Amino acid sequence: MLRSIKDMEHYAIAATDGIIGHVKDFYFDDEAWAIRYLVVETGDSTAHRKVLISPIAVTTPNWPEKVFPVALTRAQVAKSPDIDTDKPVSRQQEAGYLGYYGYGTYWGGGGLWGGGLYPDMLQGGLQATASKTAAHQNDDPHLRSANAVMRYYVHATDGDIGHVQGMLVDERTWAIRFIVVDTSNWYVGHKVLIAPEWIQDVFWLESILNVAITRQAVKDAPAYDAASTLDREQEESVYQHHRREAYWLREHRPSSTR
């Protein structure tokens with residue numbers, strides 16, 4: 001099932017021994033377009049600290065109560081490495097964070113999460129990926145704030161089509177499956193879904209996403225209604241309209257035939 005990033009903001013983070021804090025933002029990987037960290041504000045009204053919580057730690061979400069339970073203690077989080085969330089997070093800082101919790105690294109394995117599709121596959125995987133961690137510790141940072149991308153301009157191959165209004169995330173893999181684009185400044189009352197794999201270029205400093213589709217294709221695309229739950233049939237209609245392969249077919253194909 002897909003979840004709106006906007007809806008997940010302010011969810012409580014519940015450690016095994018109490019509430020840690022609340023979600024303030026999400027960091028996603030701009031290569032794989034997957035959520036890598038929840039930015040969580042901890043503390044009371046007089047002392048705040050922002051910490052990163054990996055989806056690796058999240059157990060079964062309590063969607064009705066808007067709670068993300070995590071397999072961590074409050075003390076573990078309190079002693080976690082300090083990372084300035086207002087600055088780019090380096091690969092070396094990530095490695096230190098993942099090492100602190102004993103997680104494997106998500107990069108360098110060929111899958112969305114290391115060698116697999118789901119984040120929990122990296123629990124207890126530090127030793128198996130230690131050499132890869134060292135090899136990639138000086139890589140360029142690829143983490144982006146989901147909040148910062150909201151209202152980015154979106155350009156088709158032949159002109160502007162609107163701005164980013166939201167993102168829809170796979171609740172199991174934490175992959176961003178669709179970007180919600182509001183076309184109201186161009187085509188009144190129409191919101192459409194754009195898959196990240198259709199993005200050609202991103203100009204981060206200019207706040208622009210370029211997508212490999214035409215304005216007419218966007219105009220004729222199935223409209224997205226945020227008030228309704230997006231089901232697989234509706235997802236299929238989006239991919240069929242744009243004549244693209246759906247992500248669930250691509251991800252579950254044997255690796256030798258991809």
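Biologist: Which element supplies the largest share of the lining of the second largest pocket?

Modeller: This is a predicted model, so local features need pLDDT of at least 70 and side-chain atom pairs pLDDT 80 or more, while totals for chains, interfaces and linings use all residues. Residues are numbered from 1 along each chain as its sequence is written, and side-chain values use heavy atoms, without hydrogens or water. Strand 1, helix 1 (5–8) and strand 9 each give at least two residues to this lining (helices are DSSP runs of H or I, at least four residues, and strands runs of E, at least two, numbered from the N terminus). The largest share, four residues, comes from strand 9.

Biologist: And which element gives the most to the lining of the largest pocket?

Modeller: A pocket here is an open set of 1 Å grid points, over the protein atoms alone, where a 1.4 Å probe fits, with protein on both sides within 12 Å along at least five of seven lines; lining residues have an atom within 4 Å of a point. The largest pocket has 29 lining residues, and Ala32, Gly110, Gly111, Leu112 and Glu251 lie nearest its centre. Two elements, strand 10 and helix 8, give two or more residues to that lining. With three residues, the top contributor is helix 8.

Biologist: Going back to the second largest pocket, which residues are the closest to its centre?

Modeller: Helix 8 gives the most to the lining of the largest pocket, but the second largest pocket has its own list. Its lining counts 19 residues, and the closest to the centre are Ser4, Asp7, Leu168, Tyr224 and Ala226.

Biologist: Which residue forms a salt bridge with Arg3?

Modeller: Ten salt bridges turn up across the whole structure (a side-chain nitrogen of Lys or Arg within 4 Å of a carboxyl oxygen of Asp or Glu). For Arg3 and Glu171, the closest N and O atoms are 2.9 Å apart. The two are 168 residues apart, Arg3 being in strand 1 (residues 2–4) and its partner in the loop between strand 9 (159–170) and strand 10 (176–182). Arg3 counts as buried, at 19% relative accessibility (buried is under 20%, exposed over 50%, partly exposed in between, with a 1.4 Å probe and protein chains only), and its partner, partly exposed at 26%, is Glu171.

Biologist: How far apart in sequence are Arg49 and Asp82?

Modeller: These two form a salt bridge, with the closest N and O atoms 2.8 Å apart. Arg49 belongs to strand 5 (residues 47–53), while Asp82 sits in the loop between helix 2 (74–78) and helix 3 (91–101), a separation of 33 residues.

Biologist: Which residues are joined with Arg177 into one network of salt bridges?

Modeller: Glu251 pairs with Arg177, their closest N and O atoms being 2.7 Å apart. Glu251 lies in helix 8 (residues 247–251) and Arg177 in strand 10, so the pair ties together parts that are 74 residues apart in sequence. Arg177 counts as buried because its relative accessibility is 5%. Shared partners link Arg177 into one network with Asp170 and Glu251.

Biologist: Is His242 buried or exposed?

Modeller: His242 belongs to helix 7 (residues 232–242). Leaving aside neighbours within four places in sequence, His242 is in contact (heavy atoms within 4.5 Å) with Trp198, Ile213, Ala217 and Ala221. Its relative accessible area is 10%, so His242 is buried.
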